[in-house]
Amino acid sequence: LGVMDMTEGVHQSVLRTVGGLKGRQPGRTAGITGLVYRSVRGITGLVGQGVDAALSTLEQLSVFGNGSVHADDARSLLGEVSDQILGEFSRAIADRDVAELYGLIRVQVEEGNDLLELTRDLVAHVRDVYVACVAGARAELFEGGSEQAEALAAEAAAFGEHPADRLARVLTVLDDAALEMRGASDVRLVLEIACTRLARPESD
């Protein structure tokens, strides 16, 4: 902003020599020219605030990670669910473990996390599991490379004899739940009912 002030000051000095309008403050231009400078100043200020916020977030992550920044820590700070938690949900669904699913949901509620965002993240995670199931553990298909691909393929194998069919149903039920939760008064109940449906053998 210092360079901007200097530039506008020079601009105003030139305008003053030819009888141009003075701005409300010394070194400031008036009219359309002044509006342009004010707009640029505002945009620059917003960009600066964004950079400050990003640096503050990185600093928090570094402190939280003892000097290192980890993806799961970043997701947690930004309100996203970690891959570990999503994997626990996925495995509990594969095992048809209703008690475990309810326990995982309870933890999310107690931590004050958004269950709709959790459900959306879970849909994205199960989608990756489904891709690993039907396309194989191909590193180029996933952001995490071969390590993530192998972990997702292992999750897919836990869904039994016909994993692709089960995973397709999981995606459908969870996606429907996410849509319903947008207008629901009790989003926890919607998610619990969805998980119960997914855990019942006769619902496959």
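How many residues does H7 have, and what distance does H7 reach from its first C-alpha to its last? In this predicted model, H7 has 13 residues and reaches 19 Å between those two atoms. The span is close to the 18 Å expected at 1.5 Å a residue.

H7 has a buried side and an exposed side. Gly145, Ala149, Leu152, Glu155 and Ala156 are buried. They cover an arc of only 120 degrees around the axis, so they sit on the same side of H7. An α-helix has 3.6 residues a turn, so residues three or four places apart point the same way. Glu147, Glu150 and Ala157 are exposed on the other side of H7. The buried residues pack against three helices: H4 (83–94), H6 and H8 (163–181).

The contact of H7 with H6 was examined next. Helix H6 covers residues 115–135, and helix H7 covers residues 145–157. The two pack at an angle of about 90 degrees, with their axes 8 Å apart. H6 is therefore roughly perpendicular to H7. On the H6 side, the contact is made by His125, Asp128, Val129, Ala132 and Cys133. Gln148, Ala149, Leu152, Ala153, Glu155 and Ala156 meet them from H7. By character, the residues of this contact divide into seven nonpolar, two polar and two charged.

H6 also carries threonine 119. This residue is buried because its relative accessible area is 1%, under the 20% cut-off. Neighbours within four places in sequence aside, threonine 119 is in contact with Leu174, Ala178, Met181 and Leu191. Of these partners, Leu191 is itself listed among the buried residues of H9.

Helix H9 spans residues 187–199. H9 has 13 residues and reaches 19 Å from its first C-alpha to its last. Here too the expected value at 1.5 Å a residue is 18 Å, and the span is close to it. The buried residues of H9 are Val190, Leu191, Glu192, Ala194, Cys195, Leu198 and Ala199. They pack against H4, H5, H6 and H8.

Two further positions involve H4 and the loop that follows. Aspartate 83 lies in helix H4. It is partly exposed, with a relative accessible area of 33%. Aspartate 83 and aspartate 121 are 38 residues apart along the chain. Their C-alpha atoms are separated by 9.2 Å. Arginine 96 is placed in the loop between H4 and helix H5 (98–110). Its phi is near 55 degrees, a positive value in a residue other than glycine. Most residues other than glycine have a negative phi. Arginine 96 is partly exposed, with a relative accessible area of 26%.

These elements belong to a chain with nine helices and zero strands. Along the sequence, the pattern reads α-α-α-α-α-α-α-α-α. The protein chain has 204 residues, and 31% of them count as buried. Contacts between residues at least 6 apart in sequence were also classed by separation. Of these, 53% join residues at least 24 apart.

Terms used:
Residues numbered from 1 in each chain as written. Predicted model: local features only at pLDDT ≥ 70, side-chain atom pairs only at ≥ 80, totals over all residues. Heavy atoms only, no water. Axes fitted to C-alpha atoms, helices over the stretch in contact; angles between N-to-C directions. Helix = DSSP H or I, 4+ residues; strand = E, 2+ residues; numbered from the N terminus. Parallel < 35°, antiparallel > 145°, perpendicular 65-115°, else oblique. Contact = heavy atoms within 4.5 Å. Nonpolar A, V, L, I, M, F, W, Y, C, P; charged D, E, K, R; others polar. Expected span 1.5 Å × (residues − 1). Buried < 20%, exposed > 50% of the residue type's maximum accessible area, 1.4 Å probe, protein only. Arc of directions from axis to C-beta.
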